[in-house]
Amino acid sequence: MSGTPVMTGQAPPSEDALVSMGYISGAFGIRGWVKIHADTEYADSLFDYPRWWLGRPGGAWQAYTLEDGAVHTKAIAAKLQGIAGRDEAAALRGLTIAIERSELPPAEEGEYYWADLIGLSVINLQGELLGQVSELLATGAANDVLVVRQDQTERLIPFVAAYVLEVDLPGKTVRVDWGLDY
């Protein structure tokens, strides 16, 4: 990774201690700003965290300090300390932005961080495995949608109480009222 990472004097946290909040989708302008695709309920809430960890799952992570952020019509952009020009910003394209889990506020009762749902097994009322949660989609409507994949099958299940009956984070399962043939 290019740029100057934050020197914290500590080793990067374990990957389990990081929560993905989005990724860098490219350079924004010529002064070292980056375009951000945020996987948060409110895109600009990413600006609440002054230290971002950039990296790829399974790879090395480096800390960067957020200098400034801006909301634009269709995206958000950020200026990270140590990233001075367009080439340095472009070199960060595709990197995941993560925040240390300890910096996040606790989830409210019945609410979950998307990152905690990814990888959970989805089981219906008949005890049939529908697959694993691969991602969540923000539809812009009243509810998000679980994307559940099993082999070549993809199911889209609205994340509402009528269909999602129980989320068991310790048991790594989501119980749903959804058929195999839906």
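This report walks through the fold, surface, main pocket and a handful of residues of one predicted model.

## Overall fold

Let's start with the architecture. The chain holds 12 strands and two helices. Going along the sequence, their order is β-β-β-β-β-α-β-α-β-β-β-β-β-β, so please keep that pattern in mind for the element names used below.

If you are setting up a box, the C-alpha atoms take up roughly 55 × 35 × 30 Å along the principal axes. Contacts across the sequence are also worth a look: of those between residues at least 6 apart in sequence, 54% join residues at least 24 apart.

## Surface and charge

The chain has 182 residues, and 35% of them are buried. The exposed area comes to about 10300 Å², with carbon and sulfur atoms supplying 50% of it.

On the charge side, there are 25 negative side chains and 13 positive ones. The centres of these two sets are 10 Å apart.

## The largest pocket

Which residues lie nearest the centre of the largest pocket? They are Asp39, Tyr112, Tyr113, Trp114 and Ala115, out of a lining of 46 residues. Several elements each give two or more residues to that lining: strands β1 (18–28), β2 (33–38), β6 (96–100) and β8 (129–138), together with helix α2 (114–117). The volume of this pocket is about 1500 Å³.

## A buried threonine in β6

Threonine 96 belongs to strand β6. Is this residue buried or exposed? Threonine 96 is buried, because its relative accessible area is 13% and the cut-off for buried is under 20%.

Setting aside neighbours within four places in sequence, the contacts of threonine 96 fall into a few stretches of numbering. Ser20, Gly22 and Tyr23 are among them, as are Trp53, Leu54, Gly55 and Pro57. Trp61 is also on the list.

## Two loop residues with positive phi

Most residues other than glycine have a negative phi. Against that background, two loop residues deserve a moment when you check the backbone. Aspartate 151 is not a glycine, yet its phi is positive at about 55°. Aspartate 151 sits in the loop between β9 (144–150) and β10 (153–158), and its relative accessibility of 75% makes it exposed.

Lysine 172 is the other one to visit. Its phi is near 60°, again a positive value in a residue other than glycine. The loop that holds lysine 172 runs between β11 (164–168) and β12 (173–176). Lysine 172 counts as exposed because its relative accessibility is 56%, and exposed means over 50%.

## Two pairs across the sequence

Where is lysine 74 found? Lysine 74 is in the loop between β4 (61–71) and β5 (76–80), and it is exposed, with 81% relative accessibility. Histidine 37 is 37 residues from lysine 74 along the chain, and their C-alpha atoms are separated by 9.9 Å.

The second pair involves aspartate 168, which has its place in strand β11. Aspartate 168 counts as partly exposed because its relative accessible area is 26%, and that class lies between the 20% limit for buried and the 50% limit for exposed. Its partner here is leucine 120: the two are 48 residues apart along the chain, with 8.8 Å between their C-alpha atoms.

Notes: Residues numbered from 1 in each chain as written. Predicted model: local features only at pLDDT ≥ 70, side-chain atom pairs only at ≥ 80, totals over all residues. Heavy atoms only, no water. Helix = DSSP H or I, 4+ residues; strand = E, 2+ residues; numbered from the N terminus. Buried < 20%, exposed > 50% of the residue type's maximum accessible area, 1.4 Å probe, protein only. Contact = heavy atoms within 4.5 Å. Areas by Shrake-Rupley, 256 points an atom, 1.4 Å probe, with all protein chains shown as cover. Lys, Arg positive; Asp, Glu negative; His and termini not counted. Charge placed at Lys NZ, Arg CZ, Asp CG, Glu CD. 1 Å grid on protein atoms, 1.4 Å probe; cavity = no way out; pocket = protein on both sides within 12 Å on 5 of 7 lines; lining within 4 Å. Points joined across faces, edges and corners; volume = space filled by probe spheres on them.
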